[in-house]
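Below is a short note for a colleague who has the model open. The points go from the whole chain to one helix, one residue and the charged pairs.

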Amino acid sequence: MEKTFDGNFSREELENTLNTTEQLEFVRLTKLQKRDASPPANTGTFEDDDSPDSPKPLVLVALNGAADLPATIARQLTQKRKLACQGQAYVSGVEKLIAIFR
């Protein structure tokens, strides 16, 4: 299933919206990417989640570039979070490289 999310959402708003979508629709995010059409928006790809356990909350981290990814992954691992996906997405109307952890 795919859903579109406003490209003007702040990082916190996007994170909250993605977490709410997972909880209410019993799905898990597998991919987030910018939509190429105007206006700026993001497309989230979800898969059904039949697990009786709720997924761990998603944590979105905006990166300054691909070089930041290894250090960011290492920091998140100390918090017991694993990389769920990464990609280019709009945050507050600006294209950013986003890493999503759970």
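1. Overall burial and surface. Of the chain's 102 residues, 37% count as buried. The model is a predicted one. About 6000 Å² of the chain is exposed, and carbon and sulfur atoms supply 50% of that area.

2. Element order. The chain holds 2 helices and 6 strands. Read from the N terminus, the order of elements is β-α-β-β-β-α-β-β. With a radius of gyration of 13 Å, close to the 13 Å that the globule rule gives for 102 residues, the chain is as compact as a globular protein of that length. Along the principal axes, its C-alpha atoms fill a box of roughly 35 × 30 × 20 Å.

3. Contact range. Among contacts in the chain with a separation of 6 or more, 59% are between residues 24 or more positions apart.

4. Helix 2, buried side. Helix 2 spans residues 69–77, and its buried residues are L69, T72 and Q76. Viewed down the helix axis, these buried residues fall within an arc of 65°, so they line one face of helix 2. The cover over the buried residues of helix 2 includes strand 4 (59–63), strand 5 (83–91) and strand 6 (94–101).

5. Helix 2, other side. Which residues are exposed on the other side of helix 2? They are P70 and R75.

6. T72. This residue lies in helix 2. Its relative accessibility is 2%, and since buried means under 20%, T72 counts as buried. Leaving aside residues up to four places away in sequence, T72 touches V61, L63 and F101. The side chain of T72 also reaches a backbone oxygen, that of D68, at 2.8 Å.

7. Salt bridges in helix 1. The count of salt bridges comes to 6. One of them joins R11 and E15, with the closest N and O atoms 2.8 Å apart. Both residues of this pair lie in helix 1 (residues 11–25), 4 residues apart, about one turn of the helix. E15 counts as buried at 15% relative accessibility, whereas R11, at 24%, counts as partly exposed.

8. A second partner for R11. R11 also forms a salt bridge with E12, where the closest N and O atoms are 3.2 Å apart. E12 is partly exposed, its relative accessible area being 43%.

9. A pair across the sequence. Where in the chain do the partners E95 and K34 lie? Their side chains meet in a salt bridge at 3.2 Å, N to O. The pair links distant parts of the chain, with E95 in strand 6 and K34 in strand 2 (residues 27–35), 61 residues apart. Both ends are partly exposed: E95 has a relative accessible area of 37%, and K34 one of 26%.

10. Shared partners. Returning to the charged residues of points 7 and 8, salt bridges that share partners join R11, E12 and E15 into one network. R11 is the residue paired with E15 and with E12.

Methods
Residues are numbered from 1 along each chain as its sequence is written. This is a predicted model: local features need pLDDT of at least 70, side-chain atom pairs count only at pLDDT 80 or more; totals for chains, interfaces and linings use all residues. Side-chain values use heavy atoms; hydrogens and water are left out. Buried means under 20% relative accessible area, exposed over 50%, partly exposed in between (1.4 Å probe, protein chains only). The arc is that of the directions from the helix axis to the C-beta atoms. Contact means heavy atoms within 4.5 Å. A polar contact is a pair of N or O atoms within 3.5 Å; within protein, one must be able to donate a hydrogen and the other to accept it, and residues adjacent in sequence count only if both atoms are side-chain atoms. The radius of gyration is taken over C-alpha atoms; the globule rule is 2.2 Å times the number of residues to the power 0.38. Accessible areas come from the Shrake-Rupley method with a 1.4 Å probe; for residues, only the protein chains shown count as cover. A salt bridge is a side-chain nitrogen of Lys or Arg within 4 Å of a carboxyl oxygen of Asp or Glu.
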